[in-house]
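Got the viewer open? Here's a short tour, stop by stop, with what to select and what you'll find there.

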Amino acid sequence: MDKSEKKTTTRRDFLFTTSYTVGAVGLGAVVWPLIDQMNPDKAQKALATTEVDISQIEPGKSITVLWRGKPVFLKRRTQEEILEARSVALEELPHPEKDEERVKSGKDEWLVMLGVCTHLGCVPLSNKGDYKGWFCPCHGSHYDLSGRIRKGPAPKNMEIPKYEFVDANTIKIG
Amino acid sequence: MSEKEYVPKSKAGKWFNDRLPLLSLASHLTDYPTPKNLNYWWTFGGILTFCLLTQIITGIVLAMHYVAHADLAFASVEHIMRDVNYGWLIRYIHSNGASMFFLAVYIHIFRSLFYGSYKSPREIIWIIGLMIYLLMMAAAFMGYVLPWGQMSFWGATVITNLFSAIPLVGDSITTWLWGAYSVDNPTLTRFFSLHYLIPFLILGLVVLHIWALHVPGNNNPVGIDIKKPSKDTVPFHPYITIKDTFALLLFMIIFAGFVFFAPNVLGHSDNYIQANPMVTPAHIVPEWYLLPFYAILRSVPDKLGGVILMFGAIFILFILPWLDTSKVRSAVFRPIYRQFFWILIVDVLVLGYVGAMPAEGIYLVLARVGTVYYFLHFIVILPVVGYLEKTEPVPLSISEPALSGSADYSMAKKDNEKI
């Protein structure tokens with residue numbers, strides 16, 4: 001093509017643009033399955049609920065169950081522990097949440113949360129740390145009796161999973 | 001590149017070489033003019049090639065016996081150790097080989113830092129080298145997960161959780177990496193697949209690394225440009241091949257020392273306990289070669305900040321050729337930089353030490369000081385020293401005395417012998 005010729009949109013430009021566009025869509029359509037295959041598969045999603053019998057847990061004790069490969073703490077708190085968790089001013093908390101928001105109303109003694117440190121995913125140790133709740137040995141995060149972060153590198157409170165009381169003695173997580 | 005065109009002597013050789021010039025390549029590699037003053041710090045390129053091949057060969061063999069499944073992996077590693085003929089030897093070579101690989105690569109990198117090998121015109125060699133280093137860390141990390149011990153599992157948990165620090169999409173990315181809602185069987189199988197892939201990517205980059213090296217040729221202890229070929233150079237074969245082989249033999253003695261006398265000293269005993277998602281070990285520590293970066297991660301009280309600084313500590317090396325403003329390459333002629341170089345070495349060693357210690361008290365203070373100094377070295381000290389420093393006279397060539405008399409040359413020479 002003559003270089004001095006004035007640049008106008010030609011049939012060939014149109015063909016280039018449409019070819020590139022179709023090519024890009026096609027490439028995306030091929031790449032997406034290759035990426036999405038790495039997301040949790042049906043077998044993993046099928047493990048999404050766990051039912052737990054809580055009739056044997058004494059006040060002040062806790063158990064740990066596995067849900068979706070992660071530990072879940074179920075703690076039956078004593079009245080003193082509940083009062084202590086509720087006596088904290090919200091301004092003191094790095095991630096302000098009321099204790100009431102972290103339990104089901106009327107079931108205040110039951111704290112159900114993911115036993116996963118929000119820093120880098122270790123399992124915190126119970127009845128340890130400066131706030132009598134949990135302490136993560138990996139990088140030194142301290143959690144209180146409501147599972148809220150109080151000190152250390154973790155940015156958030158321990159997560160409360162979706163759960164419900166099926167009956168008085170059974171909790172369904174997920 | 002070569003001054004004279006290579007022509008095979010035999011008719012068959014010529015016929016083949018005209019169609020695929022492999023013989024020309026071989027001729028280039030044997031005759032490749034190399035500075036005659038290369039010291040033993042220059043032998044680690046060859047040693048690293050040996051390390052890569054060792055890992056590939058032992059790795060292929062281990063994959064014949066290993067089972068990548070959360071329920072079977074731990075037992076299959078014990079099966080390799082107890083039942084497979086020479087399985088213990090092959091696994092110990094592979095696991096200690098990773099440490100030897102990193103030992104060699106750190107020496108290789110610090111050699112480059114001391115003699116200014118990363119500077120123009122060798123920036124691309126340096127950048128490809130850093131890409132190899134990043135892939136090595138990825139391969140080592142994933143390989144450490146495969147035995148599915150406690151350290152494997154919790155190391156994988158901590159490292160993959162680093163990505164959850166990314167705002168908005170962090171959690172989705174972490175779940176995507178896991179293929180589950182925690183480190184689980186899907187994580188193990190994909191890590192195995194990628195662990196097998198990465199060494200071959202590294203091999204490809206090594207070819208590019210050497211190709212890029214053969215364009216300007218080797219840097220050398222005095223760090224000056226030399227004419228090639230000239231009286232300053234020797235052919236790669238036999239002069240460098242024999243020196244590399246001798247250094248490799250010494251290296252293999254140390255390697256064998258670990259494999260046969262202290263095969264577990266660089267590992268962690270918790271990894272002989274099968275992975276348990278319910279219990280985190282009291283002290284999670286990565287392998288020794290990642291400790292300085294782990295110390296940087298833990299020195300920051302903020303999650304995202306720690307992750308950014310940790311990756312930043314590696315990525316800052318990519319712009320190193322442009323941060324160093326000095327015209328002189330070799331630290332032999334840079335009296336001020338030379339001292340900061342050794343301070344940096346001490347700094348990295350201190351970071352490595354505190355990375356292995358609990359993140360509290362004096363260790364946390366040291367980690368913070370070490371982290372600040374690390375970045376200070378690259379962002380402030382290096383550019384400023386390059387401007388202010390009065391460098392010593394650089395020789396005109398390797399064979400000739402320095403610009404302003406022979407005294408300086410003898411010093412440079414002495415330095416080379418010492419190093």
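Select B:Pro121 to begin: this residue sits in the loop between α5 (87-115) and α6 (123-145) of chain B, where helices (H or I, at least four residues) and strands (E, at least two) are DSSP runs, numbered from the N terminus. Look at the bond leading into B:Pro121 from B:Ser120: the peptide is cis, with omega near 5°. Before moving on, note that this is a predicted model, in which local features need pLDDT of at least 70 and side-chain atom pairs count only at pLDDT 80 or more, while totals for chains, interfaces and linings use all residues. Residues are numbered from 1 along each chain as its sequence is written, chains are lettered from A and ligands numbered from 1 in the order in which they are written, and side-chain values use heavy atoms, with hydrogens and water left out.

Next, pick B:Trp148, in the loop between α6 and α7 (150-161) of chain B. Its phi is positive, about 60°, although it is not a glycine. B:Trp148 is buried, at 4% relative accessible area (buried means under 20%, exposed over 50%, partly exposed in between, with a 1.4 Å probe and protein chains only).

Now jump to B:Pro238, in helix α10 of chain B. The peptide bond from B:His237 to B:Pro238 is cis too, omega near 5°. For background, most residues other than glycine have a negative phi, and most peptide bonds are trans.

Stay with that helix and add α3: residues 44-63 and 236-261 of chain B pack at about 50°, axes 9 Å apart (axes are lines fitted to C-alpha atoms, for helices over the stretch in contact, and angles run from 0 to 180 degrees between N-to-C directions). Which residues of α3(B) meet α10(B)? Among them are B:Phe50 and B:Thr54, with B:Leu248 and B:Phe251 included on the α10(B) side (contact means heavy atoms within 4.5 Å).

Over to chain A. Show β2, β3 and β4: they form an open sheet in the order β2-β3-β4, with antiparallel pairing (two strands pair if DSSP finds at least two bridges between them). β2 (62-67) and β4 (110-114) stand at the edges with a single partner strand each, so one side of each has no neighbour in the sheet. Six bridges join β2(A) to β3(A), residues 70-76; to see one pairing up close, select A:Thr64, which stands opposite A:Phe73.

Last stop: A:Asn127, in the loop between β5 and β6 of chain A. Its phi is positive, near 55°, and at 53% relative accessibility A:Asn127 counts as exposed.
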